[in-house]
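Biologist: Can you put the model up? I'd like to go through it with you.

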2 protein chains.
Amino acid sequence: MLKYQQIANQIEQFIEENQLQQGEKLPILENLMNQYNASKSTIVKALDLLEKKGIIFQVRGSGTFVRRKDRKGYISLLSNQGFKKDLDQFEITTKVMDLQVVKPTKEVAENLNILSDQDVYHVKRIRYIHGQTLCVEESYYNKEIVTYLNKEIVTESIFHYIQEGLGLKVGFSDMYMQMGKLNDEEARLLGLIAGEPKMSAETIFFLSSGKPFDFSKITYNYQQAQFFIQGTNM
Amino acid sequence: MLKYQQIANQIEQFIEENQLQQGEKLPILENLMNQYNASKSTIVKALDLLEKKGIIFQVRGSGTFVRRKDRKGYISLLSNQGFKKDLDQFEITTKVMDLQVVKPTKEVAENLNILSDQDVYHVKRIRYIHGQTLCVEESYYNKEIVTYLNKEIVTESIFHYIQEGLGLKVGFSDMYMQMGKLNDEEARLLGLIAGEPKMSAETIFFLSSGKPFDFSKITYNYQQAQFFIQGTNM
DNA sequence: AATTATAATTATACCGTTATAATTTGTCAA
DNA sequence: TTGACAAATTATAACGGTATAATTATAATT
């Protein structure tokens with residue numbers, strides 16, 4: 001791992017271990033340079049990373065302070081690791097409804113930027129939290145990129161497999177959210193009643209090369225899903 | 001304005017003017033250095049800023065490419081400028097329901113990190129898009145920081161006033177979203193029916209010094225509100 | 001034509017320096 | 001005690017350099 005990432009992790013760990021609270025001050029740059037035996041710019045990079053993650057904030061002329069004050073149980077929408085990470089303290093289970101290779105619809109082909117005769121994996125899953133339905137997820141993977149999937153992989157973390165198993169690098173994602181009312185099918189799968197609220201999200205995931213490889217539609221159980229978004233001024 | 005910000009703006013403008021599409025390549029670093037007469041690190045900083053904004057992405061060994069492929073009409077949740085910016089092509093109007101100085105409830109005091117005997121401005125507004133209700137917003141401002149508000153300011157952009165009028169610097173925000181069903185009061189204000197879906201968000205806005213100055217609760221009209229979230233790998 | 005090895009391109013990591021701007025602290029006067 | 005001013009502290013801006021790693025292009029080999 002890179003030096004500045006390591007340092008960022010160590011600083012994050014330091015905050016955890018010492019239970020530093022919102023607003024508490026971290027050592028100044030010069031001290032961090034000595035502490036971690038790195039140049040100024042490397043420390044600055046580590047701190048910038050932590051700031052991007054929403055863990056600290058920096059004030060010119062004053063210092064670097066702890067930001068994080070998470071409410072637990074919220075799904076963070078900033079990084080795109082799936083919610084395994086946010087909800088890791090909870091019991092998340094998965095039921096696979098469908099897994100097969102198909103030809104994409106026009107919508108899927110457009111979002112994955114492929115031709116309609118190219119193969120895609122279609123994966124439909126229901127996710128549970130503490131046995132309650134959390135969401136229904138319908139995903140399409142470009143088979144040229146995600147060359148192989150099986151039920152076992154799909155029951156566990158697909159993203160973990162994509163990164164570790166296939167050695168692909170996930171780069172960024174575009175997510176579009178909207179609200180509406182559940183239809184019969186959705187209500188049945190979520191164990192809710194048609195006409196009740198739904199939150200649905202379409203997300204396109206890109207490799208770090210910029211190629212889209214996953215187009216997903218998720219319908220959330222409005223009783224379970226809570227989101228957390230950290231904003232910054234730019 | 002800072003040099004790297006200026007360059008970032010110029011590059012963004014360049015993308016707009018030349019209608020560069022998703023995936024198109026920008027000039028390489030060295031060329032940008034010459035073009036904008038800046039050092040490598042300054043260009044890198046400008047590009048990092050644009051990457052943070054979701055306008056470009058960079059691929060090591062390959063180049064810098066255009067990312068943005070916005071669907072129009074979505075409210076971006078990444079930066080915290082309010083939605084004036086995202087929906088500026090639309091006609092947004094505001095109706096002020098209440099504006100007064102009050103003592104905070106326990107919840108408000110906690111979120112603004114103040115004592116319960118300190119004053120806060122209470123602002124309640126309904127926002128319309130094309131004459132349709134977009135959301136009901138109930139905000140509390142720490143009066144020690146936001147020392148003065150009047151109906152005119154509150155009808156226009158409060159954030160613009162805070163930054164330009166009061167010279168305060170907005171730093172970051174924490175937003176917590178969840179879904180539910182509208183109660184009678186909310187339904188009445190939004191022109192909807194009780195029991196219909198709602199999306200509600202609590203947001204705490206901080207100055208760049210880290211002090212919270214605004215605690216807002218927004219209830220969105222599920223028919224109008226659509227959100228856009230750009231994720232990155234960290 | 002396909003594969004493999006090599007070279008060129010290109011962004012990123014990491015180092016270090018000087019200057020600058022925001023904030024905080026200290027000092028002195030009223 | 002308050003206010004104004006000066007000094008110290010601290011992060012940030014901007015410069016520039018070398019080394020490295022990922023990608024792409026080219027050449028060599030089969």
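Biologist: How many bridges join strand S7 of chain A to S10(B), and do they run parallel or antiparallel?

Modeller: 7 bridges join S7(A), residues 170-181, to S10(B), and the two strands run antiparallel. Strands pair if DSSP finds at least two bridges between them. One position to look at is A:Ser173, which stands opposite B:Gly231 in S10(B). A note before we go on: this is a predicted model, where local features need pLDDT of at least 70 and side-chain atom pairs count only at pLDDT 80 or more, while totals for chains, interfaces and linings use all residues. Residues are numbered from 1 along each chain as its sequence is written, and chains are lettered from A and ligands numbered from 1 in the order in which they are written.

Biologist: And how are the strands and helices defined?

Modeller: They are DSSP runs numbered from the N terminus: helices are H or I with at least four residues, strands are E with at least two.

Biologist: What does S10(A) pair with?

Modeller: S10(A), residues 226-232, pairs with S7(B) in the antiparallel sense over 7 bridges. There, the bridge partner of A:Phe228 is B:Tyr176.

Biologist: What is the strand order in the sheet?

Modeller: The order is S3(A)-S10(A)-S7(B)-S8(B)-S9(B)-S6(B)-S5(B)-S4(B). That is an open sheet of 8 strands with mixed pairing. S3 of chain A (75-76) and S4 of chain B (92-102) stand at the edges, each with a single partner strand, so one side of each has no neighbour in the sheet.

Biologist: Back to S7(A). How many bridges join it to S8(A)?

Modeller: 11 bridges, antiparallel, with S8(A) covering residues 197-207. A:Ser173 stands opposite A:Phe205 there.

Biologist: Which residue does A:Phe205 stand opposite in S9(A)?

Modeller: A:Asp214. S8(A) and S9(A), residues 212-221, pair in the antiparallel sense over 9 bridges. They form a hairpin with 4 residues between them. In the turn, A:Gly210 has a positive phi of about 100 degrees.

Biologist: On to the contact between the chains. How many residues does each one give?

Modeller: 41 residues from chain B and 41 residues from chain A. Contact means C-beta atoms, placed from the backbone, within 7 Å.

Biologist: Which element gives the most on the chain B side?

Modeller: S7(B), with 12 residues. Among the other elements giving two or more are helix H3 (40-52) and strand S8 (197-207) of chain B.

Biologist: What is the make-up of that side by class?

Modeller: 21 nonpolar, 15 polar and 5 charged residues. Ala, Val, Leu, Ile, Met, Phe, Trp, Tyr, Cys and Pro count as nonpolar; Asp, Glu, Lys and Arg count as charged; the others, Gly among them, count as polar.

Biologist: What rotation superposes chain B on chain A?

Modeller: 180 degrees, with 0.0 Å of shift along the axis and an RMSD of 0.0 Å. That is the relation of a two-fold axis. In chain B, the C-alpha nearest the axis belongs to B:Pro197, 2.3 Å from it. The fit is by least squares on C-alpha atoms of residues with pLDDT of at least 70 in both copies.

Biologist: Why do the copies meet through the same surface?

Modeller: Because 100% of the interface residues of chain B are also interface residues in chain A.

Biologist: Now the DNA. Which residues are closest to strand C?

Modeller: A:Lys3, A:Thr42, A:Gly61, B:Leu29 and B:Gln58 are the closest of 20 surrounding residues. Near means a C-beta atom, placed from the backbone, within 6 Å. H3(A) gives the largest share of that surface, 3 residues. The classes there are 6 nonpolar, 10 polar and 4 charged.

Biologist: And which are closest to strand D?

Modeller: A:Leu29, A:Gln58, B:Lys3, B:Thr42 and B:Gly61, with 20 residues surrounding DNA strand D. The largest share, 3 residues, comes from H3(B).

Biologist: Last one. How is chain A divided into domains?

Modeller: Domain 1 is 3-66 and domain 2 is 75-228. Those bounds come from an automatic or database domain assignment. The C-alpha centres of the two domains lie 34 Å apart.

Definitions and conventions. Contact = placed C-beta atoms within 7 Å.
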